[in-house]
Amino acid sequence: MKSVLRPLIAANWKMNGLKAEGTALAAAVAAKAAAGGTALAADILICPPATLVALVGETLAGSPVRLGGQDCSPQAPGAFTGDIAAVMLKDLGCSAVIVGHSERRGSCGETDAIVHAKAEAALAEGLTAIICVGETAAERDAGTAQDVVGAQVLGSVPETADAQTLVVAYEPVWAIGSGRIPTLDDIAAMHRHLRTLLARKLATGADVRILYGGSVKPSNAAEILAIPDVDGALVGGASLNAEDFWAIVAAAPQR
Ligand code: PGA
């Protein structure tokens, strides 16, 4: 049985935002968090594109809103042109990093082994690894969604991870940016499955936060976040608007 887990609402800005917009958006979220004070029901994380991490970090100084990266290299610093090491994100004030997002698994050919290595690199620097998993539409239609997602978790999660350093984000590929979401029963079933797998794999696995991601918006956030094994959300498109993102934060249940 899992303990009661405080929800995490994470913003994935993807490849969006120039300096002015990024600063304004982060400042608007920080202002809402300040107004919410200790009544905030959820932890809040913003993952800007790499170019904005430093600036957003400065904007969030003194705020409870945390800072994260969208990807990191599996390597330590060295001759890897264009890549960003986990220690560099940490140096800018990040406490977490997304790894294995389906847009990277798809367009950059990231395998479970690569995602595993990236997560290990993040953990080695004390960053929380937010590992993304999710099935395609064809896999769901074929009835293999739980097998596919289960295999991704088992292949991507480092054995050294624990409930403090790992977050898993279930993001059906076909729900990302599409406006479509699985039924609430399908989300509940997948999260239950992931809880069971994580509890078997890691000593503290039952307490790993499992986020849902894929077309989360103000109009569906409350019903998704109320599902017992949903411990928060990873939000793409709706996180680019402070009002929408905050409505999702506000929908998180007090746990
Ligand atoms: P979306 O993206 O909210 O725009 O569907 C979620 C994600 O890809 O993390």
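How far is an oxygen atom of the ligand from an N or O atom in the side chain of His-101? The distance is 2.7 Å in this predicted model, and the legends below begin with the ligand site.

**Figure 1. Residues around the ligand.** The ligand is surrounded by 13 residues, of which Lys-14, His-101, Glu-171, Gly-177 and Ser-215 come nearest. His-101 places an N or O atom of its side chain 2.7 Å from a ligand oxygen atom. Lys-14 likewise directs attention to a ligand oxygen atom, from which a polar atom of the Lys-14 side chain is separated by 2.8 Å. For Gly-236, the atom concerned belongs to the backbone: this polar atom is 2.8 Å from an oxygen atom of the ligand.

**Figure 2. Lys-14 and its salt bridge with Glu-103.** Lys-14 is located in the loop between β1 and α1. Its partner in a salt bridge is Glu-103, with 2.8 Å between the closest N and O atoms. This pair joins distant parts of the chain, since β1 (8-12) and α1 (19-36) flank the loop of Lys-14, while Glu-103 belongs to helix α4 (residues 102-107); 89 residues separate the two. Lys-14 is also one of the residues that come nearest to the ligand. The whole structure contains 16 salt bridges.

**Figure 3. Backbone at Lys-14 and Ser-215.** Two residues listed among those nearest the ligand, Lys-14 and Ser-215, are shown here for their backbone angles. Lys-14 is not a glycine, yet its phi is positive, at about 55°. Ser-215, another residue other than glycine, has a positive phi near 60°. The position of Ser-215 is in the loop between β7 (209-213) and α9 (218-225), whereas Lys-14 occupies the loop between β1 and α1.

**Figure 4. The two domains and the area buried between them.** The protein chain comprises domain 1 (15-70) and domain 2 (91-181 + 190-240). Taken over C-alpha atoms, the centres of the two domains are 21 Å apart. Contact between them involves 12 residues of domain 1 and 12 residues of domain 2. The size of an interface is often expressed as the accessible area that is lost when the parts come together. Between domain 1 and domain 2 the buried area is about 990 Å², with 60% of this area coming from carbon and sulfur atoms. Leu-25, Leu-67 and Gln-70 account for 37% of the area that domain 1 buries against domain 2, more than any other three residues.

**Figure 5. Polar and charged pairs between the domains.** The count of salt bridges between domain 1 and domain 2 is 1. A salt bridge links the side chains of Arg-209 and Asp-43, at 3.0 Å from N to O. Across the interface of the two domains, 5 residue pairs are in polar contact. On the side of domain 1 that touches domain 2, the elements giving two or more residues are β2 (43-47), α2 (53-59) and β3 (66-69). The greatest contribution to this side comes from β3, with 4 residues. Sorted by class, this side of domain 1 has 6 nonpolar, 4 polar and 2 charged residues.

Terms used:
Residues numbered from 1 in each chain as written. Predicted model: local features only at pLDDT ≥ 70, side-chain atom pairs only at ≥ 80, totals over all residues. Heavy atoms only, no water. Domains from an automatic or database assignment. Contact = heavy atoms within 4.5 Å. Buried area = accessible area lost by both parts, 1.4 Å probe. Salt bridge = Lys/Arg side-chain N within 4 Å of Asp/Glu carboxyl O. Polar contact = N/O pair within 3.5 Å; in protein donor to acceptor, adjacent residues only side chain to side chain. Nonpolar A, V, L, I, M, F, W, Y, C, P; charged D, E, K, R; others polar. Near = heavy atom within 4 Å.
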